[in-house]
Amino acid sequence: MNLAQFLAGRLVKGIIVLFAIAVLNFLLIRAAPGDPAQVLAGEAGAADAQLLEQLRARFGLDQPFLTQLWIYLKGYLTFDLGFSYRQQQPVLSLIMERLPATLLLTGAAFIVSLVVGTAMGALAARRAGKWSDSLITTLALAFYATPLFWIALMSQIVFALKLGLVPNVGYETIGANYTGLARALDIAHHLILPSLTLGLFFTALYARMMRASMLEVAGADFVKTARAKGVSQARVWRRHVARNAILPVVTLAGLQAGQLVGGAVLTETVFAWPGIGRLMFDALVQRDYSVLLGVFFVSSAMVVCFNIATDLVYRIVDPRIEAHA
Amino acid sequence: MVRGMTGLRLSLALAASVLVLGAAQAQEPKKGGTVHVVVQPEPPMLMQGLNQNGPTNMVAGNIYESLLRYNEKLEPQPSLAKSWEISPDAKVYTFKLQENVKWHDGKPFTADDVVFTLDKFLREVHPRWRPIVNAQVEKIEKVDDLTVKITLKQPFGPMIMTQEVASAPMIPKHIYDGTDYRANPANNTPIGTGPFKLKEWKKGSYIHLVKNEDYWLKGKPNLDEIYWQIIPDAAARAVAYETGKVDVLTGGSVDVYDVARLSKLPNTCMTTKGWEMFAPHAWITPNVRNGILGNKQFRQGLMYAIDREFGKDVVWGGLGKLPTGPISSKTKFYSADVPKYTYDPARAKELIKASGYKGETIKLLNLPYGETWSRWSEAIKQNLEDVGVKVTIENTDVPGWTQKASNWDFDLNFNFLYQLGDPAMGVARSYISANIAKGNPFANVGGYSNPEVDKLFADAAIAPTDKERQELYTKIQKILADELPVLWLLEMDFPTIYRCNVKNLVTTGVGVNDGFRDAWKE
């Protein structure tokens with residue numbers, strides 16, 4: 001099967017999946033108790049029947065259920081993700097406003113964890129049994145097991161409060177009005193804690209997986225052959241072992257990449273990072289259906305895309321793989 | 001109304017005395033400076049006429065203004081109205097407006113705006129003003145460009161308390177008249193008369209307000225800028241204060257157990273003032289429709305069983321005061337002459353036994369507003385189980401709680417309500433039969449109904465003098481403290497923590513919500 005056929009098949013499947021997700025999301029969200037009108041009225045500390053009626057009409061909640069579903073699906077066909085009456089803005093623009101911050105955060109965490117994680121894993125495998133291996137595996141285990149929010153808060157207390165090295169919350173220094181390079185550096189400074197915190201878990205995963213995978217490959221016949229032929233140690237590890245051991249890591253990276261959008265609720269909350277995760281969380285506690293559905297949809301679409309991309313990467317990394325559409 | 005005929009003179013005298021006092025005690029305010037404040041959670045919008053959420057009020061109180069402000073004793077003070085007069089029969093209120101007031105877009109503020117706001121805009125959209133204007137007001141009319149007359153159908157004591165900024169923010173007629181208010185694009189760029197204007201709102205990060213150079217009160221505001229920072233995590237907010245990222249932690253923005261530690265930091269001040277208008281009262285509402293909860297003896301038993309001192313000292317870190325009845329001791333018409341309940345498990349057991357309680361399990365609906373409330377639920381569950389009452393705690397998220405509370409789907413329900421400056425506005429709603437209506441978590445959700453109490457509340461609202469009102473409210477408090485339609489737990493204090501170099505932060509009965517008009521930074 002050629003690449004174009006493979007891709008077309010995947011895309012069709014992806015679209016069907018997305019449609020199913022859209023319908024399912026709608027049904028699931030409506031199954032939760034409470035509605036945005038009640039929440040708004042509740043937060044205001046006062047409500048009368050007329051206000052609730054007015055709000056429901058505004059949110060379109062006075063329409064029959066199927067009509068609401070139809071309006072929602074029809075909108076999605078034309079890339080109209082709806083309107084947030086609560087925030088008085090189209091959902092798409094709300095998402096687009098928040099997307100850069102999220103991509104910066106999750107992207108940085110992705111790169112750091114992928115690079116550091118695979119390097120550490122490879123190093124540990126190379127030195128299996130030595131003290132550096134023990135150190136890396138122990139650290140990886142610790143970071144793998146520690147809850148993210150705890151690390152997030154502890155890192156704030158240690159690095160922001162006690163040592164004063166980095167800011168603890170926010171995307172940039174508010175009110176500083178930096179421009180150009182100064183602003184980029186300022187944002188990078190703010191990015192350090194959240195991206196490292198968010199990346200730690202995956203760093204640990206990559207390290208563990210890379211190490212295990214390399215040790216497995218290292219015992220394979222073709223590696224022995226290479227050694228017997230007199231290929232240098234460094235070259236054996238680099239060309240024969242590492243390259244063949246990377247496949248499971250690619251799988252994992254595909255999974256993490258799928259979470260680039262919408263996967264960082266906790267980190268964004270604790271570090272007051274103005275991203276999609278918080279948009280989603282706020283929309284959830286406020287039952288802001290259109291925003292919630294919009295974020296779900298965009299992140300589901302990302303997952304589908306990254307799954308297809310992962311399959312493509314497989315074929316490039318290991319040409320033996322014949323991907324079946 | 002005692003102050004009827006002398007309203008104008010009294011208000012002028014008050015204004016004068018405030019000026020004199022202010023000059024005598026305070027240093028000369030410094031001009032300029034930026035203050036960083038925490039707002040929590042992010043407001044849904046800043047158009048205060050359409051939205052009265054806590055965070056909206058906190059930020060929008062700088063952008064919008066109302067006719068009156070209220071000091072810590074809840075006495076009316078001039079704001080957009082420079083003086084006011086109440087007719088001898090207490091039915092006609094005449095407001096004289098400040099001169100040379102401009103909206104943020106430069107258009108003049110006049111009596112037309114006031115009439116539009118009170119008679120049209122708020123009547124249509126504001127859940128607190130609507131019932132007042134519909135039930136009490138005969139007509140609202142413009143006398144001249146700077147005079148507005150409100151004629152009531154009958155005397156209504158709380159009328160003078162209705163003009164707080166969140167209850168009656170002035171809305172520009174030239175922007176809203178004839179439009180669909182809720183869909184008006186101007187809702188994203190609020191135009192008020194207040195000391196600060198909205199410069200930028202970076203969703204998820206901050207709201208930036210800048211000084212209104214054309215503010216009608218000459219020389220005010222002192223500050224150049226306010227940044228309202230949105231930091232969702234309470235612990236992160238505390239660290240942000242400690243690292244100097246923010247200067248003011250508004251009421252409720254840090255965990256209760258952090259308050260004592262933070263307020264001891266160097267150059268840190270703490271005040272619980274500025275909540276007199278709201279005077280939040282925390283309580284448990286028993287659903288009197290449900291079996292044994294309809295029994296007065298049983299409810300009294302529960303009240304004796306709950307260790308309210310413990311709740312105050314341990315759960316709320318010593319903040320607040322034990323209430324004696326439905327009316328907060330911080331507001332007018334409070335009376336301490338009521339049946340009182342101290343922690344007495346033995347007496348609780350007797351009463352519960354006498355009530356005929358057979359060991360049925362009672363569902364306690366927890367208020368999903370954070371850890372403090374959950375801990376409180378657990379403490380109270382323990383108290384009640386100590387006297388033999390079986391309790392299960394139900395946890396939900398906020399929309400789930402709102403729905404359950406609104407639909408009376410609970411046995412016991414935690415809540416806290418604002419008193420809004422007058423029992424007719426913030427207290428009666430929880431006890432009168434007319435307010436037993438599904439769909440509203442702040443109505444009379446427990447279902448308590450007593451024709452005598454209904455009549456007393458109705459009479460008290462329209463009794464012409466404060467003395468007569470006090471008598472009626474004293475009677476009400478006696479009856480309710482005996483019948484216990486709700487179990488009052490705490491008169492809550494919300495501490496504002498701030499750096500001591502921010503001066504004049506809390507100057508009125510609505511505190512930070514009244515805006516940073518008078519604040520300055522040393």
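This report describes a predicted model in which chain B is in contact with chain A.

## Confidence of the model

The structure is a predicted model, and its overall scores are an ipTM of 0.87 and a pTM of 0.88. For chain B the mean pLDDT is 91, with 95% of its residues at 70 or more. The stretch of residues 1-24 of chain B has a pLDDT below 50. Beyond near neighbours in sequence, residues 1-24 of chain B nevertheless have 23 contacts in the model.

## Overall form of chain B

Chain B contains 15 helices and 20 strands. Along the principal axes, the C-alpha atoms of chain B fill a box of roughly 70 × 55 × 45 Å. The radius of gyration of chain B is 23 Å, which agrees with the value near 24 Å for a compact globule of 522 residues.

## The interface between chain B and chain A

The size of an interface is often expressed as the accessible area that is lost when the parts come together. Here, the area buried between chain B and chain A is about 4000 Å². Carbon and sulfur atoms give 52% of that buried area. Chain B brings 47 residues to the contact, and chain A brings 45 residues.

Three salt bridges are counted between chain B and chain A. One of them pairs the side chains of D180(B) and R58(A), with an N to O distance of 3.6 Å. Eleven residue pairs, both residues at pLDDT 80 or more, are in polar contact between chain B and chain A. On chain B, the side that touches chain A draws at least two residues from each of helix 3 (111-125), strand 10 (225-230), helix 6 (234-242) and helix 12 (398-406). By class, that side of chain B has 17 nonpolar, 17 polar and 13 charged residues.

## A salt bridge within chain B

Over all chains, the structure holds 37 salt bridges. Among them is the pair formed by the side chains of K120(B) and D177(B), at 2.8 Å from N to O. This pair links distant parts of the chain, as K120(B) and D177(B) are 57 residues apart. K120(B) belongs to helix 3 of chain B, whereas D177(B) lies in the loop between helix 5 (173-176) and strand 8 (196-202). Helix 3 of chain B also supplies at least two residues of the side that touches chain A.

## Backbone features in the loops

Cis peptide bonds are found in chain B, including the bond that joins Q40(B) and P41(B), where omega is about -10 degrees. P41(B) is placed in the loop between strand 1 (34-39) and helix 2 (54-60) of chain B. Another cis peptide bond joins K220(B) and P221(B), with omega about -10 degrees. P221(B) is in the loop between strand 9 (206-211) and strand 10 of chain B. Strand 10 is one of the elements that supply residues of the side touching chain A.

N100(B) has a phi near 55 degrees, a positive value in a residue other than glycine. The position of N100(B) is in the loop between strand 5 (92-97) and helix 3 of chain B.

Note on methods
Residues numbered from 1 in each chain as written. Chains lettered and ligands numbered in written order. Heavy atoms only, no water. pLDDT = per-residue confidence, 0-100. Contact = heavy atoms within 4.5 Å. Buried area = accessible area lost by both parts, 1.4 Å probe. Salt bridge = Lys/Arg side-chain N within 4 Å of Asp/Glu carboxyl O. Polar contact = N/O pair within 3.5 Å; in protein donor to acceptor, adjacent residues only side chain to side chain. Helix = DSSP H or I, 4+ residues; strand = E, 2+ residues; numbered from the N terminus. Nonpolar A, V, L, I, M, F, W, Y, C, P; charged D, E, K, R; others polar. Rg over C-alpha atoms; globule rule 2.2 N^0.38 Å.
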